[in-house]
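User: I am new to this structure and would be grateful for a close look at a single part of it. Please begin with one residue and then set it in its surroundings.

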Amino acid sequence: MKSIKKLNKVKSIKKIFRYFNLDLRRYYPQRFAILKAKDKFMGKEIIACEIGVFDGEHAYQILKHLNIKKLYLIDPYTNNTNYKGDPMSNSNFLSLAKSKAKKLLKPFKDKIVWIEKLSKDAIGDIKEKLDFIYIDGNHFYPHIDNDLENYYTLLKQDGIFSGHDFSDGWIDVVIAINKFAAKRNLNIFASSGDDWVLFKDSEIGMYDKTSTSKRNVTEKVRK
Ligand SMILES: C[S@@+](CC[C@H](N)C(=O)[O-])C[C@H]1O[C@@H](n2cnc3c(N)ncnc32)[C@H](O)[C@@H]1O
């Protein structure tokens with residue numbers, strides 16, 4: 001049996017749990033975008049999409065907490081990005097993540113449509129409008145910018161547009177979302193967990209072309 005001192009060198013939480021013969025049950029808090037979607041759709045059946053699936057943990061949360069009719073999962077799982085020196089660009093790492101995602105999401109296989117392509121190539125495979133879009137693929141410019149412009153066209157008028165890594169660490173994401181929201185007069189809702197959320201139906205002028213106030217538009221929508 002290893003001494004506690006030696007255990008100190010084991011850099012794996014799982015191995016430490018195994019050593020003490022305990023079960024590791026991780027708690028994944030629901031992200032802000034899912035909470036907002038829960039509020040907005042209130043149990044209604046929705047069609048959603050996640051760009052950048054990795055090990056499927058967040059896709060699992062979408063499937064668990066929202067009433068999903070169909071979920072498009074987009075990830076090429078290949079070393080195609082410019083994440084230099086990042087484990088995300090390591091093909092072995094991605095292949096492990098893919099296996100984990102496939103296993104984790106198997107219970108939902110009837111609701112999932114896997115598209116193992118880059119987001120820019122996957123868009124042509126989606127032939128319907130979506131209620132909820134979550135963007136967490138390539139975080140660099142111009143990729144994030146292109147994802148925003150391309151996928152917004154697929155979003156229903158009352159849909160939620162959202163994603164991850166709205167943080168100081170991913171400044172390209174912050175710039176792209178700001179540019180996108182400013183162009184359309186949309187408010188950006190962001191959370192401490194780094195999710196960002198935009199509501200398409202709060203776009204100024206969508207409901208009343210003469211309106212100059214976002215509040216007016218929102219009130220009109222509610223009536
Ligand atoms: C940050 S991880 C996603 C994590 C996942 N959304 C979660 O929260 O559990 C980023 C993933 O995006 C994928 N990716 C990178 N570039 C992409 C692109 N252009 N289109 C789609 N997926 C991409 C990578 O393969 C990687 O698995």
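Analyst: Once neighbours up to four places away in sequence are set aside, Thr78 is in contact with Ser91 and Leu94, a contact being two C-beta atoms, placed from the backbone, within 7 Å. This is a predicted model, in which local features need pLDDT of at least 70 and side-chain atom pairs count only at pLDDT 80 or more, while totals for chains, interfaces and linings use all residues. Residues are numbered from 1 along each chain as its sequence is written.

Thr78 belongs to the loop between strand 2 and helix 5; helices are DSSP runs of H or I with at least four residues, strands are runs of E with at least two, and both are numbered from the N terminus. Thr78 counts as partly exposed because 14 other C-beta atoms lie within 10 Å; 20 or more would make a residue buried, 12 or fewer exposed, and anything in between partly exposed. Phe93 stands 15 residues from Thr78 along the chain, and their C-alpha atoms are 9.8 Å apart.

The same loop, between strand 2 (68–74) and helix 5, also holds Tyr77. Tyr77 is not a glycine, yet its phi is positive, near 50°. With 18 C-beta neighbours inside 10 Å, Tyr77 is likewise partly exposed.

Beyond this loop comes helix 5, where Lys103 is found. Lys103 is classed as exposed because it has 11 other C-beta atoms within 10 Å. Between the C-alpha atoms of Lys103 and Asp55 the distance is 9.4 Å, although 48 residues of sequence lie between their positions.

Helix 5 (91–105) also takes part in the surroundings of the ligand: together with strand 1 (46–51) and helix 4 (57–65), it is one of the elements that each supply at least two residues of the shell. The residues around the ligand number 22, and Gly52, Phe54, His58, Gly137 and Asn138 come nearest; a residue is near when its C-beta atom, placed from the backbone, lies within 6 Å of the molecule. The shell comprises 10 nonpolar, 8 polar and 4 charged residues. In this division Ala, Val, Leu, Ile, Met, Phe, Trp, Tyr, Cys and Pro are nonpolar, Asp, Glu, Lys and Arg are charged, and the others, including Gly, are polar.

Strand 1 leads from the ligand to the interior. Cys49 is part of this strand, and its 25 other C-beta atoms within 10 Å are the reason why it counts as buried. With its neighbours within four places left aside, Cys49 has contacts to Leu71, Tyr72, Ile74, Ile126, Leu130 and Ile133. Cys49 and Ala59 are 10 residues apart along the chain, with 9.0 Å between their C-alpha atoms.

Ile46 is another residue of strand 1, buried because it has 21 C-beta neighbours inside 10 Å. Among the contacts of Ile46 outside its immediate sequence neighbours are Phe41, Leu66, Ile68 and Phe132. The C-alpha atoms of Ile46 and Leu66 are 7.9 Å apart, at a sequence separation of 20 residues.

In soluble globular proteins, nonpolar side chains tend to be buried together. Here the largest nonpolar core has 45 residues, and Ala48, Cys49, Ala59, Leu71, Phe132 and Ile133 have the most contacts inside it; such a core is a set of buried Ala, Val, Leu, Ile, Met, Phe, Trp, Tyr and Cys residues joined through C-beta atoms within 7 Å. Leu71 itself touches Ala48, Cys49, Glu50, Ala59, Ile62, Leu63, Lys111 and Ile112, apart from residues up to four places away in sequence.

As for the chain that surrounds this part, it contains 9 helices and 7 strands. Of its 223 residues, 30% are buried. Among contacts with a separation of 6 or more, 62% link residues 24 or more positions apart.

One further feature lies in the loop between strand 4 (130–135) and helix 7, where Pro142 is placed. The peptide bond that joins Tyr141 and Pro142 is cis, with omega about 5°.
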